[in-house]
Structures are given as C-alpha cells and as structure tokens.
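Open the model in your viewer and keep the selection panel at hand. The tour goes from one selection to the next and says what is there.

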2 protein chains.
Amino acid sequence: MATLKDISNKTGFSVTTVSRALNGYDDVNEETRQLIREAAKQLNYSPNLLAQNLVKKNSKTIGVIVSDLKKESVKDNFMFETLCGVSDFLASSDYEFVLLSTTTVKQKNKTYTQICSERQLAGTIIQGLKTDDPYLKEAQNCEIPSVLIDIPIHGKAIKYVTSNQYESVKTAIRYLKRLNHHHIAYMNGTENAYVSQIRKQGYLEAVNELNLEVNPHYIVSGDFTEEGAKKAVLPLLLNTPEVTAIFCASDVMALGVIQVARELGIKIPEQLSIIGFDNILLSEYITPSLTTIAQFPYIMGKEATRLLIDLIEGKKDLQSCIEIQNELIIRQSTTILQK
Amino acid sequence: MATLKDISNKTGFSVTTVSRALNGYDDVNEETRQLIREAAKQLNYSPNLLAQNLVKKNSKTIGVIVSDLKKESVKDNFMFETLCGVSDFLASSDYEFVLLSTTTVKQKNKTYTQICSERQLAGTIIQGLKTDDPYLKEAQNCEIPSVLIDIPIHGKAIKYVTSNQYESVKTAIRYLKRLNHHHIAYMNGTENAYVSQIRKQGYLEAVNELNLEVNPHYIVSGDFTEEGAKKAVLPLLLNTPEVTAIFCASDVMALGVIQVARELGIKIPEQLSIIGFDNILLSEYITPSLTTIAQFPYIMGKEATRLLIDLIEGKKDLQSCIEIQNELIIRQSTTILQK
DNA sequence: CTGTTAGCGCCTTCAC
DNA sequence: GTGAAGGCGCTAACAG
C-alpha cells in the first residue's frame, strides 16, 4: 500500500510537505497541494491509521465494552440496538469503534487501563457490566473519557446515560393499582445489576406509597432469564394465590411467567395481570400481547455516543447524566380486576 | 502508560532485551526474564498494539464489514447472531475484530483496500453486501484474506460460507406438494442479493421438477421487508385465488403476508399455507406459528471466522466454501390441503 | 512555502 | 546473553 514516501518519491516533494498538503495545512502552495493530491489519488493512498495514531497519541477509535456478546442475548435486543445507535451516530463523525466483549478469557487478564492503552482508545462506552465489576472502579479513576449505559457512576471523565426506570416502575405499579390490584408481586433480575436495584426500589416505593401489601414473599428473582423466571414464579403462584398481578423487571422473564401460569391453568389477564420491561419485539406478538415499559436503547446508544464525543473533544459544561424517558405500553396482559 | 523504555529504565536492561524477554525469545537469561516480567507487572505494562502492528505489518485485527448496521435489521437477528459467532470464536484466539458498517456514502470516500490498509487488517469477514457492490470486486482482486457470508465468490484469498439454500427451498416446495398444494407462489427478497437469486432458483427448479404450475404472476418481490411484503402480496391474493401456498424468502416477509391474509379473511393454514425462511425468534411465537427454514447464523459466523484465521495463517488445502445445513421446521402455518 | 531533524513505541538484524 | 542501530509510517518542531 502506498505511503507518504511513495507520494514523496513520485512528486519530488518531501514527506513532510506531502503530509501537510494532505492534512490541509495552509502553509502549502495550492499548486503543490493539487499535485500531491493528484498523486495520492493515483496511488490510491490512504493514511496508515496505526502510524498516525501512534504519533498523535489519540486515536479516533472508541471502544464499546460489553459484558457478554453471547448468543443468549439475542432475544433481548438491547445490546444490539444500542450498538446500532452508536454506529449510526459515529457514521457522521470521523470516529470508529471497536467492539470489545469482556468475557474473553484473554481480556479477563487485562485491566481496563490496559485495554484502553493498547489501542490508544479515545474513549469508551460501557454497557452491561455488573455494579461490582472491577473495570468500573478502574474506569472511574481513569483519565480516559467514558460513558456508561445504565450504570450510574460519575468520575473525572465519566458520565452515564440511563432511563427513568425508577419512575417508570412506579407508574406501572400505580397503573396496576388503578386496575384494582392490591397484591402485586415483583420479579427482579440479577441482583448485582444496577437496573435490578433501581427497579426494585421503584416497586418498593410505589407499593409503600399506595398502601399496598408489602410482603417479602412477593419479591422473587428470575435472574433476567426465562428459565430463572419459571423456577421463581412457580412457588410464588402456588404459595401466594392472593397475588393478582406480577411486575417483571424484564420481558424475557415475563415470557417465562406467562408459560408457567398457563401450565397451572391460570388465565391471563383475567386471573393474573403481567407487566414486563423492555418492550422486546416478541412482547407485541405473543398471545396475550404483553403490557410493558418500553425502553429506547437505540436512542440511548446514540446519546451515549454524542456525550462521549463531546467529552473527548473537551466540551465544557456537559451534564453528568442523560436520562431517556421510557413509555408504558398497555397491551393485553393486564386488565381490571373483577371483584 | 508504561512502555518498554520504562521497564528498561527500571531494570537497567536495554529496550531490546526487555522486548525479547517479554516476547518469549529464548536467547534471554531466565533470571533476567523474571526480573523484567516482574517489573512489567508492577508498571501495569501492556504493549502498544499500534506500535507493534506498525512494525510487524500484521495486525491480529480482523474487520467485519456489514452493509448497514441499521435499527431496522433488529427484527431479523441474522447479523447479530453472526457477530456473536465471530466474537465467540475470536475469544479463544489472539485476534480481535472491528465492526465496520459501510454505507454507500462512506464508500464514495474510501475504497475497500483503503479500509483494510488503514488499519492493517489481517483479514475481513463480509456480510450483507449486494452482489453488485464494488467492494466485492475489490476484495476479489486483493491479497487480503477474506471470507464472505452468503456471497459465493472466490478469488486468490477469498472463500465463503453459506447454507444449502437451494436445496432447502426445494425441500420446502416438495413438502408443500406433499400437502397437495399445486399452486405455489414465491415471494422473493431484494433482487440483487445473492440469497434472493439462489432461493428463487431453488423454487423454479422445484416447481419445474414437480410439474407444478409455472406462472410468472406467482413470483413477487417483497424486498425483504414487512411493508414490501404487504404491498406485493395483496394483488397476488386478489388476482390469483387459486394459489394455496406461498413460500417467502424470509420470515419477516411472511409476517407481512400473514397480516394481509388475515385482513382479507383468508384463514391460515386452512386456506393458505405459508412458509418462511430464517427461523427468526418471532416465528415460533406468532399465531399461527410459522413453518420455516431454519438458518444457523451463529454457526456461520463461527465457521467463517475459523476459515478466515486458517487463511490468514496460511494453512493449505482449505476448502473454498463451507456450507451449513439448514433445517425445515414445521409449525402451524402449513397444513394439508383438503380438496 | 519547503525541507531537515527528531521521535512516537516497538521489533529485527547484527555485532559484541 | 545482551545492546546498539535502524526503521515501520507518520507528524511536530525548527530552520531556512
């Protein structure tokens, strides 16, 4: 592949001049510039980013760090949609991104700082890490700009994007109360995920505020998986038959709940109302279609990227957090409770 | 971040020795090596990949080039699953990948070769490009190893992975014939996508072979979208009522067909049998559940990566193509035709 | 306006 | 065994 040197040889100008001409410095004769541009085109020249970044020490590459690029995450498109948002936003900039999945054994041996400095990353977007992931602490104490998704941490160069989950859950519970439900269970996701914690708080707060029954048995954990949900909901349905509504911290878990309820002959929504969280594609198509809280991961990805680039470019007075508004979507899995 | 020089300063050995010690050369005193390793750990050293690749001219980075990482591709998880396969396979190697989403706009500015040489890519995996995409021609005449997904081209350093689509479609049509269907329509995807072409051939061949009616009006194009399918199927259903089965080149289009049929009061599967292609997640959950040809993009991604790395590492006698076997999954959207 | 010099962090001869 | 020298492709001073 052609290098500056090749162009230099061809045109007779020095490598330096060629470099400056191509990079638009204005201390270059316009005629010279044209000559050089022409030669560059003929040689199909393209700068070697590695060399460029090596010397400039800043790489126009941002790392998207995700916890688990696994086949299993297919059902829940959250990550993919976020990625699309990132990609779309980046398309109109001169940045590019590398997708780094931290499950790889190799990367477990690497610290966050190492990952960043290896590639001279300009910044990172982090998504799906548990609140106790060591990478987070590192990122927090690190100079490298970073935007977290759904992880509320800020540090020197860290900001985050999330959605109004707390309020959304409260809204959903209020809605259930309106439908005459007074015994509302809550199925939580993985304990050490921030989203689980905040959603649970929303539930507790709402239940308290509305004077609904507070019962520790009403709170179970489905680990954000369909299987986990099935296991967790079975005893719930059997042991606390007064429960007439279940709020699930994810749609995928709601799918599991629906299945078990069906197996037990419980009618949805007549005998049991169910609300999910995420608005995954399936939620609209299953029978009964699922009432849920819609998130907008595409927008979150986009906004995270916008924020990150502002951070990288040193823009001042950036808000330390962006909150995207969720939306309660009412479908068939919830209904008014007949006394 | 720590560099070789830092370690050199700390230990007193020259940069050269440090480099060799860390890279496992055996002309280094074991004691020295230990000392250096120790120092490296203390300084949290990690090699600068940019510098490393710059000098070694090979980058252990493979580029995954996709056509358009768009929000719309969410329904059809093909790309995401492929990506998961790539990522999973790479996890056990020392390669990493960059996801490059090309748009026609971007292509104007950068040629394929440029993209590759900019980052010194060791190889590429290409997916979702149309058969007339200029990048393909370039890739074909290029020395850089590349594996295409569902694009049957081979060149000096190019191989591809696909599935037995042709045979799968024939099988599906034979299945419909078994169910007494004699007027089978075919809804194609985007014309200039290879998968459309080959699937259509399979259809034509099967229809011919089985002595079914060949009618140009039976072949419509839904452009691989739900909306496109709706538009295309309406006249089909209205004008050729003798059609009792439709084979769709994608599940997403089948969704559209089902909707329109429903709106016209056509009962599925009693009056109209429908087969899709892809086995997207939804196909199992909708009502009626969709008979379809399952593809295994995860495996395709994995195999493509395996092949690419073999190519990069110069393994000999590689097959020029890997074919993954699809699977006909029978669900509720097809049934035997009662005379 | 243009060229010379130096160096980014690393690796590979080639001496000693 | 170890170190010095040179260079990967590029850019940033500094001269002229």
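Start with two strands of chain A: β6(A) and strand β8 (residues 245–248) pair in the parallel sense over 4 bridges. Bear in mind that this is a predicted model.

**Stop 1: the strands around β6(A)**

Select I184(A) and look across to β8(A), where its bridge partner is A245(A). Next, add β7(A) to the selection. β6(A) pairs with β7(A) too, in the parallel sense and over 3 bridges. For a landmark on that side, pick N188(A), which stands opposite S221(A) in β7(A).

Is β6(A) buried or exposed? Select residues 184–188 of chain A: 5 of the 5 residues of this strand are buried, so β6(A) is largely enclosed by the rest of the structure. Both of its faces are covered. On one side the buried residues are I184(A), Y186(A) and N188(A), and on the other they are A185(A) and M187(A).

**Stop 2: T225(A)**

From β7 (219–221) of chain A, follow the chain towards α11 (226–239); the loop between these two elements holds T225(A). T225(A) is buried, because 20 other C-beta atoms lie within 10 Å and a count of 20 or more is the cut-off for that class. Now add V252(A). T225(A) and V252(A) are 27 residues apart along the chain, yet a distance of 6.2 Å separates their C-alpha atoms.

**Stop 3: the domains of chain A**

Zoom out and colour chain A by domain. Domain 1 covers 4–42, domain 2 covers 61–164 + 297–326, and domain 3 covers 165–294. Between the C-alpha centres of domain 1 and domain 2 of chain A the distance is 38 Å.

**Stop 4: chain A against chain B**

Show both protein chains. What rotation superposes chain B on chain A? The rotation is 179°, with 0.0 Å of shift along its axis, and the RMSD is 0.1 Å. That is the relation of a two-fold axis. Both copies use the same surface, as 98% of the contact residues of chain B recur in chain A.

Then select the contact itself, where 40 residues of chain B meet 43 residues of chain A. On the chain B side, the elements that each supply at least two residues are α4, α5 (78–91), β2 (96–101), α7 (112–118) and α13 (281–285). Coloured by class, this side of chain B shows 18 nonpolar, 14 polar and 8 charged residues.

**Stop 5: DNA strand C**

Select DNA strand C and the 24 residues that surround it. The closest are T16(A) and V55(A) from chain A, with T3(B), L4(B) and A51(B) from chain B. In each chain, α2 (15–22) and α4 (49–56) supply at least two residues apiece to the surface near this strand. Which helix gives the most? That is α4(B), with 5 residues. The surface near DNA strand C has 10 nonpolar, 11 polar and 3 charged residues.

**Stop 6: DNA strand D**

Move the selection to DNA strand D, which is also surrounded by 24 residues. Here T3(A), L4(A), T17(B), N29(B) and V55(B) are the closest. Chain A supplies at least two residues from each of α1 (4–11), α2 and α4, and chain B does so from each of α2 and α4. The largest share, 5 residues, comes from α4(A). By class, the surface near DNA strand D divides into 10 nonpolar, 11 polar and 3 charged residues.

Conventions
Residues numbered from 1 in each chain as written. Chains lettered and ligands numbered in written order. Predicted model: local features only at pLDDT ≥ 70, side-chain atom pairs only at ≥ 80, totals over all residues. Near = placed C-beta within 6 Å. Nonpolar A, V, L, I, M, F, W, Y, C, P; charged D, E, K, R; others polar. Least-squares fit on C-alpha atoms with pLDDT ≥ 70 in both. Contact = placed C-beta atoms within 7 Å. Buried ≥ 20, exposed ≤ 12 C-beta atoms within 10 Å, placed from the backbone. Domains from an automatic or database assignment. Pairing = 2+ DSSP bridges.
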